[in-house]
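I opened a new page in my notebook today and set out to read one protein model slowly, element by element. Here is what I was looking at.

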Amino acid sequence: MTDRRPVIVVISEDDASRARIVESIARWFATDYRIVEVAAAAVAIDVIGQLRDGNGEAALVIAEQRMPSELGTSLLGRLRDVLPTSRRVVLASWADTSATPTLTRASLLGEIDAVVGWPWSVTDEQFLATIGNLLADWATEHGRYVESTKLLAEPDDPEAQVLRDTVVRWAVPLGFYDVKSEAGRELASRLPGRTELPAILLPDGRVLSRPTIGDIATALGANTDLSEPFDVAIVGSGPAGMAAAVYGVSEGLRTLVIESSALGGQASASPLIRNYLGFPAGISGADLMTRALRQAWTLGAHLLIGRYAVGLEQDADGFTIALDDGSTARTRSVVLAMGVRYRKLGIPSVERLVGRGVFYGAGATEAPGVAGEDVFVVGGGNSGAQATVYLARYARSATLLVRGSSIDDVSEYLVEQLHDRPNIEVRLNTEIVEARGEGRLASLVLRDRAAGATEERPAFAVFVLIGARPRTDWLPASVERDERGFVLTGEDVVGRGGSGEPVPTMRASVPGIFAAGDVRHGSIKRVAASVGEGAAAIREIHEYLAAARPLASATTR
């Protein structure tokens, strides 16, 4: 019988070292993974090629750095194109400081996913935990989990795409079923009559027919009761919002988080964040924000998902937030942490194919589905570069389209990765003028803005990241904003004709309302900065609430 377990490959030219690594890994992972030993770097690519040709999946490759014939970083760099989605790990001694520049460069170029130290023993929990985390990332990315929830839909339904992306970002094990496939047809045959697609099948057997995000969140038990007032209501669940939630609830404030769509905001769509403190190998935005959500929920934060804030009123007791379904939430203070939403290209032929090959966002959910295809990314900033590098792990080719004449705003390590990958092309002075395809994207018409020439290129998917704008049009005029809609806070409020008295840094023009993260005018558009602002807003709220009158219970009003 063929062994269908995914493979962990261990490459070391020292027999004793290799045996110790294999023994350590086998104790935890041999039940679910097959372990393959490679005793010579020279044959590693041939061995792994045979695994691939035999339909074996290599989940993880571990290579010793100091091998006599070749450095582990060099070997794993060559393996990257053979196994683009496998996790690649270098085993190095922490005392080998001379290897640091090589390891750093390999990490920055995406040739390796992590550096681990030698296990002190075959039961070294720290070593095994690192390996376990990498395998968990790979397994999640490849859908190797027990599905708790199923989504049945037409394959190119944009409504289903939004639901799929949102639920996956909630860290709910979701299985997607194409209604035209054999498995999809079998699943559809068991649905109640008049069920409309897309349909969600819940773990308890309930079926949601063409649900909204709010419907799914309520059915999964995420949404809270709004009958009692809150000390602080946070609108938005990105890094700023979740930081405010964690600090607020942990410091005794009754805290509500209101999120209209995907928990984690734009950050949860980032394929890999490499510069966040404490994660030397980087961390996906979805993983980071899922951890933050669990932390806030464990501490006691209340969640309201799939509901838009559409109005905000103040009275002598506090604030009332009006929601799109007609309900309201009462609170003593408000943190505006809505972040921003993506700008659209505004080309009719492009907008017609949204969800059918055209995506606004980084493509974290869609990436495994573009294997062997030609994809494009539009955007000249870090987000566009990150998405291109990530998609190139799966796609046959990934082309970054930049309207400007340079990518000077992109971080240096990302520029190196863009130039290092042979299947990445960077096209400057280039824009999309038309998207073509019947039912889904088939090609893009590109124009060279300098020469004026156009060409048609086959395209399986295009991911657009061209900046964003804040969703602040629902706020009252008393909450001052700049010309682009970003909320003014602190000294910017004073500078716009305020009383001249010192204003707390995160406080908006209305006492009791604070802004943090990307929605705030002058904020630094970085995850770590947003986290800091969310925490700072809670400190200022404590000072505000200490001087404010208690809010009457919503049940007694």
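The entries below follow one helix, one sheet and one residue.

**Entry on the model.** I noted before anything else that this is a predicted model.

**Entry on helix 1.** I began with the length of helix 1, which covers residues 15–29. At 1.5 Å a residue, its 15 residues should span 21 Å, and I found the end C-alpha atoms 21 Å apart, which agrees.

I then asked which residues of helix 1 are buried. I listed Ser17, Arg18, Ile21, Val22, Ser24, Ile25 and Phe29. These residues lie on the same side of helix 1, because they cover an arc of only 165 degrees around the axis. I wrote a reminder beside this: an α-helix has 3.6 residues a turn, so residues three or four places apart point the same way.

On the face turned away from the buried side of helix 1, I found the exposed residues Asp15, Ala16 and Arg27. I also looked up what covers the buried residues, and the cover includes strand 1 (7–11), strand 2 (34–38), strand 3 (58–64), strand 4 (87–92) and helix 5 (125–141). At the N-terminal end of helix 1 I found a cap, aspartate 14, with a side-chain oxygen that lies 3.2 Å from the backbone nitrogen of alanine 16.

**Entry on the sheet.** I turned next to an open sheet of four strands, whose order is 7-6-8-9 and whose pairing is mixed. Its edge strands are strand 7 (174–178) and strand 9 (207–209), each of which pairs on one side only. Neighbouring strands of this sheet are turned by 20 degrees against each other on average, direction ignored.

Within the sheet I followed strand 6 (residues 149–153) and strand 8 (residues 199–201), which run antiparallel and are joined by three bridges. Leucine 151 stands opposite isoleucine 200 of strand 8. I also saw that helix 6 (residues 158–169) lies across strand 6 and strand 7, and that it runs at about 160 degrees to strand 7.

**Entry on threonine 149.** I chose threonine 149, a residue of strand 6, and asked: is threonine 149 buried or exposed? Its relative accessibility is 3%, and because buried means under 20%, threonine 149 counts as buried.

Its side chain makes a polar contact with the side chain of serine 148, at 3.3 Å. Leaving aside neighbours within four places in sequence, I found threonine 149 in contact with Val172, Pro173, Leu174, Gly175, Ile200, Leu201, Leu202 and Pro203.

How values were computed: Residues are numbered from 1 along each chain as its sequence is written. This is a predicted model: local features need pLDDT of at least 70, side-chain atom pairs count only at pLDDT 80 or more; totals for chains, interfaces and linings use all residues. Side-chain values use heavy atoms; hydrogens and water are left out. Helices (H or I, at least four residues) and strands (E, at least two) are DSSP runs, numbered from the N terminus. The expected span of a helix is 1.5 Å times one less than its number of residues. Buried means under 20% relative accessible area, exposed over 50%, partly exposed in between (1.4 Å probe, protein chains only). The arc is that of the directions from the helix axis to the C-beta atoms. Contact means heavy atoms within 4.5 Å. A polar contact is a pair of N or O atoms within 3.5 Å; within protein, one must be able to donate a hydrogen and the other to accept it, and residues adjacent in sequence count only if both atoms are side-chain atoms. Two strands pair if DSSP finds at least two bridges between them. Axes are lines fitted to C-alpha atoms, for helices over the stretch in contact, and angles run from 0 to 180 degrees between N-to-C directions.
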